[in-house]
Amino acid sequence: MKTFEYITPETIDEALELLGEGAQILAGGTDLLGEMKRGLATPKRLINLKGIQGLADIRSIPDGFLTIGSLATLSHLAEHPLVAQHYPLLIEALQRTASPQIRNIATVGGNLCQRPRCWYYRHSAFPCIRKHGEGCFAMGGQDRYHAIFGGHRCFIVHPSDLAPALMALDAEVRIAHADDSRIVPLTDFFVGPRDSLTQENILTRQEILTAIRIPVPPDNAYGTYLKVSERKATDFALASVAVSIAWLDTQVTHARVVLGGVAPVPWRVKQVEEMLIGDELSGKRIERACERAVDDATPLRHNRYKVALVKGLLRKALHAAHRSREKGEK
Amino acid sequence: MSEHWLLGKRVPRPDAIPKVTGEAVYTDDITFPGMLYGAVVRSPYACASIRSVDTSRAEQLPGVRAILTPTNSSLFSTEILYAGQKVAALAATDPHTAQEAASLIQVEYQRHRAVFDPIRAMSRDAPVVRPSRSQEFNNVCSHQRKERGDLETGFAQADIIVENTYRVGIAHQAYMEPHACVARFDVSGKLTVWTSIQGQFNVRASLASMLGMPVHDVRVIAPEIGGAFGGKTSLIMEPIAVVLAKITGAPVKIVMSRQEEFIDAHPGPGCIIHVKTAARQDGTLTAEWAEIIYDTGAAPGAPTGNFDRTRGLYRIPNFRYDIYSVYTHKLIPGAYRAPGALELTFAFESQIDHLAGELGQDPIEFRLKNAVDEGDLTVDGKVYPTIGLRESLHQAREQIKAVEHKPHRGIGVACGKWMNAIGASGVILTLNEDGSVNLTSGAVDLTGVNTVLAQIVAEELSISLDQIHVQTRDTDVAPYAALSGGSRTTYGMSLATQNAVRQLKKDLFEFASQHMPVSPEAFTVADGKVVPRDGSHTGIPIRELARIAMYSARGPLTVTGSASDPSWLADSYIFITQVAEVEVDPDTGEITVLRVSSFQDVGFALNPMLVEGQIEGGIVQGLGWGYLEGLVFDKGVVLNENLTEYKIPTALDAPELVPVLIEIPSADGPYGIKGVGEPSMVVTPAVLANAIHDATGIRLTETPLVQDDLSTRQGPLGNM
Ligand SMILES: Cc1cc2nc3c(=O)[nH]c(=O)nc-3n(C[C@H](O)[C@H](O)[C@H](O)COP(=O)(O)OP(=O)(O)OC[C@H]3O[C@@H](n4cnc5c(N)ncnc54)[C@H](O)[C@@H]3O)c2cc1C
């Protein structure tokens with residue numbers, strides 16, 4: 001293990017000043033420590049955010065948004081009354097994330113910024129392209145857990161359960177930089193391998209993710225998060241789906257469908273959202289939506305099962321949405 | 001078995017509390033001033049020759065005390081046969097320095113062509129891992145054949161033949177505590193080793209022979225052990241720690257990391273089973289043929305010797321089984337709880353289920369029709385005594401009748417067999433001056449054996465349990481005990497304890513007859529007293545006799561007890577039937593295991609709580625190996641070398657567990673007991689595969705079952 005400097009700043013400004021070449025942010029450390037032990041991250045300076053007041057707060061603000069400080073733990077978020085009231089879909093995602101012990105330490109910001117779980121990327125014996133090496137070992141190798149969408153020279157999947165759920169809720173992230181801070185829709189936050197082979201989001205070395213904002217969902221909205229993993233806990237998604245749907249009478253007026261565990265980024269399927277809006281959620285339409293969702297899937301040797309899994313999960317989620325609307329009517 | 005007052009009772013383990021509070025001392029808790037820490041350099045390649053090892057940079061690192069390489073130590077070889085093989089080792093003043101030094105050692109390799117699949121390894125043009133024992137095939141490590149009758153006739157008589165190939169993956173025992181050891185020489189040159197091991201006397205023998213020392217100059221101490229399951233039967237790091245301690249003159253500790261566990265311990269073996277089973281339309285089995293190919297990795301290790309111990313459940317007049325173990329460039333497997341049984345049971349019990357289905361017969365009735373009975377022959381031609389196979393099938397049938405049928409659910413049934421060993425077992429029993437008793441054992445307590453031995457002593461002497469103190473002591477103090485494994489520990493140690501305590505009673509009765517006008521044979525014990533059976537005297541408390549003896553010419557009452565069996569296995573046949581209920585999600589194909597019930601002949605449950613614990617744990621481990629687990633390799637390199645990616649079951653994956661104890665006493669076991677440490681995990685993969693088939697119509701033939709293409713299980717399914 002290499003030695004490093006460890007600093008706990010008290011303000012965001014201080015933290016921003018400490019950033020730079022060789023510096024890395026430490027939140028809960030549930031991912032970063034593993035990366036350091038395996039030599040994947042070799043920071044010269046660790047900036048521990050846990051000394052910054054208020055960075056873990058969860059608040060509703062007057063303009064109708066819920067603001068989640070990036071340092072809020074996953075447990076804290078899952079137990080927050082406003083979340084239970086407006087965003088049950090988030091609770092479903094959080095309950096299927098890792099284990100209670102990890103959720104007590106892991107932060108929301110860290111979850112969105114966590115590094116890929118690809119076993120070639122994580123393994124010291126495989127100098128893959130995401131580690132500035134060459135090629136992708138999953139291609140033609142053990143690719144059961146890899147991407148069926150959006151792969152390009154690298155076939156990682158984004159490991160987060162929270163990200164697809166937040167994306168289905170139209171979340172935005174606040175990014176602090178020494179000069180200014182900006183707000184970016186979560187849909188623009190993640191970066192696939194076509195844009196970068198070494199990072200999974202737009203953050204530069206000079207930036208910190210400080211908060212996540214979620215708007216109040218539309219009236220009559222229904223949301224659900226479904227995940228399939230091999231093991232029932234402490235396991236990443238083989239595939240997952242986050243769905244948020246709203247109606248006017250029987251007509252779908254709002255639809256978000258985001259897939260997890262199947263692409264290098266949380267995979268929003270806009271073509272499905274568009275075909276759902278303006279119509280009833282009939283069984284036939286659901287079947288067509290499921291087919292549509294996997295139109296552009298390009299499975300590898302051993303992960304074709306994910307295509308069927310996505311369809312199955314989406315079918316289940318949309319039927320649940322449909323049932324909830326019918327119940328609401330009664 | 002109501003003649004016992006304490007045996008058969010649910011007595012909690014006294015060692016449970018120190019374990020959950022953290023008070024228990026494990027090997028890694030042992031430290032000494034000036035102790036050094038060992039680290040190992042490993043080959044990243046599966047097949048290579050070492051050209052050179054450059055230790056110059058590591059030597060310059062402050063804190064490094066000794067470095068072992070193929071050049072200066074016979075513990076290491078220049079020929080690499082699997083990725084993860086130890087290439088060099090060193091000792092340094094702290095673990096971080098040791099790790100850093102290891103990373104500074106430069107090894108130059110010449111890589112060679114490797115072979116990983118055992119079937120591929122058998123072909124004549126495959127790279128040679130080690131010389132083959134076969135004229136016909138490359139890389140054969142062992143071959144044996146079991147045969148009876150005439151195969152051709154058997155298959156000709158059949159109306160239906162079912163043929164399948166099953167594959168079982170390599171599974172790590174995933175004990176909580178990784179291998180750890182500390183080695184220390186004292187000034188007189190005597191060696192003491194603390195190690196996390198199932199058998200301390202085995203370690204003593206191996207180290208003494210390695211060092212050319214008499215065994216009494218080697219002391220092995222096994223502190224509390226954090227699980228083993230067969231994975232801690234042989235030495236891994238001990239020889240290295242000992243040599244480093246010898247060179248440096250300082251105590252040396254080596255603790256394996258979880259990653260090292262996955263790449264260089266001795267997991268359960270991979271196995272390929274190609275099998276053909278035949279039956280007549282009326283459900284009579286006529287023949288079976290199988291070729292069983294074990295992947296034994298870079299050296300002998302696969303458990304090929306247990307075929308008769310685990311098969312022979314049905315009357316099959318004609319059979320031939322060829323059992324091979326084959327070298328590949330992979331890590332070396334070893335024992336995992338009932339070694340050899342799980343993989344064979346998975347294949348053969350899937351076959352039975354498949355045949356029953358093809359014949360349109362109920363899987364239980366089909367099994368009952370063919371089940372062996374008293375007087376039938378085992379695979380190796382021994383004669384079965386009274387056995388519990390039918391009884392367990394009957395009880396399973398009742399259970400299945402009570403299950404409510406629901407859509408997307410499936411029920412499976414499968415049977416298994418195991419036999420326990422006995423092993424050399426000795427104990428020392430001392431009656432203390434206040435009437436309490438110390439029992440000293442050399443057997444490592446993995447399963448609660450010490451609790452049971454205390455029950456036996458208390459039962460036999462009719463004194464209360466809190467008067468008995470059972471301890472596992474080290475090789476300098478305790479009498480010899482074979483390793484705790486092979487389902488032998490409670491069996492063998494109970495025999496020894498029974499012998500000891502009965503001898504103690506005899507001595508007590510003799511001594512008592514000097515104080516009462518009664519002949520020794522006329523005594524018995526009751527309520528902590530030695531009393532004449534005919535009630536002619538009120539008797540004398542054992543506590544009193546102990547005190548008098550201690551200060552009389554008799555002296556302390558101390559006895560030893562021993563047991564063993566030259567044939568290794570006891571005449572103790574353990575049969576199990578399990579029933580699994582699963583649910584399949586029609587949208588995703590996801591499987592939930594709802595309940596596993598196990599009907600196991602345990603002979604007699606000395607402590608039902610501990611027996612149930614063994615059964616429940618076994619089912620969950622069987623579910624792990626069969627359903628979730630398996631090492632994944634790429635070019636011989638283990639990809640899932642940690643407990644995030646190598647997925648053992650969590651509490652949420654464990655189904656409802658229903659252990660049902662059947663008690664058909666063994667003829668020669670103490671109190672009629674049979675071994676219960678291993679057999680419970682044997683059946684679970686088969687029963688799950690059969691239940692999944694019932695729910696979906698799909699027969700899974702490869703473990704881990706969960707990694708089947710889920711899509712095939714979706715939609716309106718199976719035979720519901
Ligand atoms: C055994 C196991 C199982 C898991 N299972 C799941 C699962 O099922 N689903 C799932 O979604 N996740 C799972 N995870 C991942 C886990 O959720 C993440 O490790 C965790 O959320 C990361 O949060 P953290 O606060 O610990 O981040 P850290 O480890 O502290 O940081 C992670 C990364 O993000 C960066 N970072 C952190 N905070 C910020 C910030 N505010 N601004 C900029 N960069 C930042 C760090 O520099 C680092 O690179 C699992 C992890 C483990 C170990």
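# Exercises on a predicted two-chain model

A polar contact of 3.3 Å links the side chains of His179(B) and Tyr175(B). The model is predicted. The exercises start from this contact and then move out to both chains.

## Exercise 1. The setting of His179(B)

Task: Place His179(B) in chain B, decide whether His179(B) is buried or exposed, and list what His179(B) touches.

Solution.

Step 1. Find the element. His179(B) sits in a loop of chain B, with β8 (160-168) on one side and β9 (180-185) on the other.

Step 2. Check the accessibility. The relative accessible area of His179(B) is 3%. Buried means under 20%, so His179(B) is buried.

Step 3. Collect the neighbours, leaving out residues up to four places away in sequence. His179(B) then touches Ser196(B), Gly231(B), Lys232(B), Ser234(B) and Ile236(B), among others. The list also includes Ile254(B), Val255(B), Met256(B) and Glu261(B).

Step 4. Add the polar partner. The side chain of Tyr175(B) makes the 3.3 Å polar contact with that of His179(B).

## Exercise 2. Trp247(A) and its neighbours

Task: Which element holds Trp247(A), and which residues does Trp247(A) touch?

Solution.

Step 1. Trp247(A) belongs to strand β10 of chain A. That strand covers 239-248.

Step 2. The relative accessibility of Trp247(A) is 6%. The limit for buried is under 20%, so Trp247(A) counts as buried.

Step 3. Leave out residues up to four places away in sequence. Trp247(A) touches Asn220(A), Tyr222(A), Val252(A), Thr253(A), Leu281(A), Ala321(A), His322(A), Ser324(A) and Arg325(A).

Step 4. Take one of these, Leu281(A), and compare sequence with space. Trp247(A) and Leu281(A) are 34 residues apart along the chain, and their C-alpha atoms are separated by 9.6 Å.

## Exercise 3. Two aspartates with positive phi

Task: Where do Asp249(A) and Asp527(B) lie, and are they buried or exposed?

Solution.

Step 1. Read the backbone angle of Asp249(A). Its phi is near 50°, a positive value in a residue other than glycine.

Step 2. Locate Asp249(A). The loop between β10 (239-248) and β11 (251-260) of chain A holds this residue.

Step 3. Judge its accessibility. Asp249(A) has a relative accessible area of 66%. Exposed means over 50%, so Asp249(A) is exposed.

Step 4. Turn to chain B. Asp527(B) is not a glycine, yet its phi is positive, at about 50°. Its loop runs between β20 (523-526) and β21 (529-532) of chain B.

Step 5. Asp527(B) counts as exposed, at 75% relative accessibility.

## Exercise 4. Two further sites in chain B

Task: Locate Ala651(B) and Pro704(B), and describe one backbone detail at each.

Solution.

Step 1. Ala651(B) is in the loop that separates β27 (637-638) from β28 (656-662) of chain B.

Step 2. Its relative accessible area is 71%, so Ala651(B) is exposed.

Step 3. Compare sequence with space again. Val620(B) is 31 residues from Ala651(B) along the chain, and the two C-alpha atoms are 9.4 Å apart.

Step 4. Move to Pro704(B), in the segment after α17 (684-696) of chain B. The peptide bond from Thr703(B) to Pro704(B) is cis, with omega near -5°.

## Exercise 5. The two chains as wholes

Task: How many helices and strands has each chain, and which radius of gyration does each have?

Solution.

Step 1. Count the elements. Chain A has twelve helices and twelve strands. Chain B has 17 helices and 28 strands.

Step 2. Test chain A against a compact globule. For 330 residues the expected radius of gyration is near 20 Å; chain A has 20 Å, so the two agree. Its C-alpha trace spans about 60 × 50 × 35 Å along the principal axes.

Step 3. Repeat for chain B. For 720 residues the expectation is near 27 Å; chain B has 28 Å, so this also agrees. The C-alpha box is roughly 80 × 75 × 50 Å.

Step 4. Look at burial. Buried residues form 56% of chain A and 62% of chain B.

Step 5. Look at sequence range. Take contacts between residues at least 6 apart. In chain A, 64% of them join residues at least 24 apart. In chain B, the share is 79%.

Step 6. Finish with the surface and the charges. Chain A exposes about 14,100 Å², with 49% from carbon and sulfur atoms. Chain B exposes about 26,200 Å², with 50% from these atoms. The mean positions of the 41 positive and 37 negative charges of chain A are 8 Å apart. For the 60 positive and 83 negative side chains of chain B, the centres lie 3 Å apart.

Definitions and conventions. Residues numbered from 1 in each chain as written. Chains lettered and ligands numbered in written order. Predicted model: local features only at pLDDT ≥ 70, side-chain atom pairs only at ≥ 80, totals over all residues. Heavy atoms only, no water. Helix = DSSP H or I, 4+ residues; strand = E, 2+ residues; numbered from the N terminus. Buried < 20%, exposed > 50% of the residue type's maximum accessible area, 1.4 Å probe, protein only. Polar contact = N/O pair within 3.5 Å; in protein donor to acceptor, adjacent residues only side chain to side chain. Contact = heavy atoms within 4.5 Å. Rg over C-alpha atoms; globule rule 2.2 N^0.38 Å. Areas by Shrake-Rupley, 256 points an atom, 1.4 Å probe, with all protein chains shown as cover. Lys, Arg positive; Asp, Glu negative; His and termini not counted. Charge placed at Lys NZ, Arg CZ, Asp CG, Glu CD.
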